[in-house]
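Student: I have just opened this structure and would like a friendly tour. Could you walk me through it with a few questions and answers?

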Amino acid sequence: MIVVTGAAGFIGSCIVAGLNERGREDLILVDELDEAKKKNLQNKKYRQYYDKKDFLDLILRDQVKGRPEAIIHMGACSSTTLQDARYFKENNLEYTRSLAQWALKHNVRFIYASSAATYGDGSVGYKDDEATIRRCKPLNLYGQSKQDFDLWVVEQGLQDKVAGLKFFNVFGPNEYHKEDMRSVVAKAYPRVAEEGKIVLFKSYRKDYKDGQQKRDFIYVKDAVDIVLFFLDHPKVNGIFNVGTGKASTWNELAGALFAAVGKKPSLQYVEMPAGLEKRYQYFTQADMTKLRKSGYTKHFTPLKEAVADYVRYLRDHRYW
């Protein structure tokens, strides 16, 4: 039995699909469903579903039936604009800590989602070692909530007992419900396909031209492969980056999207929303040395190929 939280969300539902492909149907799914997210569970096979509050109650009362092989904890509020510190503390930090403590008590594999948002403006670099983790200064409350749990893991000396995954810019199927938090590919596809136009943010730094800001974009299928690697290797623990190790510009991402739909590129640059300018990451690139040394050997899908694969999906699933 495997527990997947955030199971109806973006990465979580793709993990469920990946487990189903392996023939695993003995799954306990946990989430907070709305009509949009229900689509992510269509055709998924699992044993039981719990609302996240009900599952937390079972955890706190130590009444989970049976002992899971693992808890894959993807459930969290991922909004980078929400300004509710109390909610982030309860939903992201304390909820995760309760699951981790229960898993450790019962010797259950615990894999959780952290985020590249913990690295803030990147001034401390993007190494997933303890020294860097301690110095991270996130730019928003979401990133801080993930940083707070990473620090708890480090301070409790649990890096050899759990696996934390710092996801970089993940994109791919099943993210349509995230609205403004969707990837640029998902948000821009309809207009690119219909009008041949895309809108990107201007740069406010002299060392970056418009559209030349960089991100480490990773396709969700590659991210799922990494999660399943940690499921398969329970003795590999610590906090790890989940990116490709190669940053690409927004212009390159846009070019891949235009190529996928067969349109000539037409880019427009607009002002950032008020307040975002000072919290904007101009460059992210995962240091993947630690993951590679742990034994993960698969190659990552090239950006152009990943975008093309995603566009084929978007053509068939008109959920926007």
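Tutor: Happily, and here is a definition to begin with: Ala, Val, Leu, Ile, Met, Phe, Trp, Tyr, Cys and Pro count as nonpolar, Asp, Glu, Lys and Arg as charged, and the others, Gly among them, as polar. This is a predicted model, where local features need pLDDT of at least 70 and side-chain atom pairs count only at pLDDT 80 or more, while totals for chains, interfaces and linings use all residues. Residues are numbered from 1 along each chain as its sequence is written, and side-chain values use heavy atoms, with hydrogens and water left out.

Student: In what order do the seven strands of the open sheet lie?

Tutor: Strands here are DSSP runs of E with at least two residues, and helices are runs of H or I with at least four, numbered from the N terminus. Two strands pair if DSSP finds at least two bridges between them. The pairing in this sheet is parallel, and the order is β3-β2-β1-β4-β5-β6-β11.

Student: Which are the edge strands?

Tutor: Look for strands that pair on one side only. Those are β3 (48-51) and β11 (238-242).

Student: Is V4 buried or exposed?

Tutor: V4 lies in strand β1 (residues 2-5). Contact means heavy atoms within 4.5 Å, and V4 touches residues including V16, L19, I28 and I72. Buried means under 20% relative accessible area, exposed over 50%, and partly exposed in between, with a 1.4 Å probe and protein chains only. At a relative accessible area of 0%, V4 is buried.

Student: Which residue of β2 is the bridge partner of V3?

Tutor: Four bridges join β1 to β2, and the two strands run parallel. Within β2, I28 and V30 point one way, opposite to L27, L29 and D31. The partner of V3 is I28.

Student: How many of the five residues of strand β2 are buried?

Tutor: Both sides of β2 count here, since the residues pointing either way are all buried. Strand β2 (residues 27-31) is therefore largely enclosed by the rest of the structure, and its buried residues number five of the five.

Student: How many charged residues are in the lining of the second largest cavity?

Tutor: On a 1 Å grid over the protein atoms alone, a cavity is a set of points where a 1.4 Å probe fits but cannot get out, and lining residues have an atom within 4 Å of a point. The lining includes H73, Y112, K146 and D150. By class it has three nonpolar and four polar residues, and the charged ones number two.

Terms used. 1 Å grid on protein atoms, 1.4 Å probe; cavity = no way out; pocket = protein on both sides within 12 Å on 5 of 7 lines; lining within 4 Å. Lists of a residue's contacts leave out its neighbours within four places in sequence.
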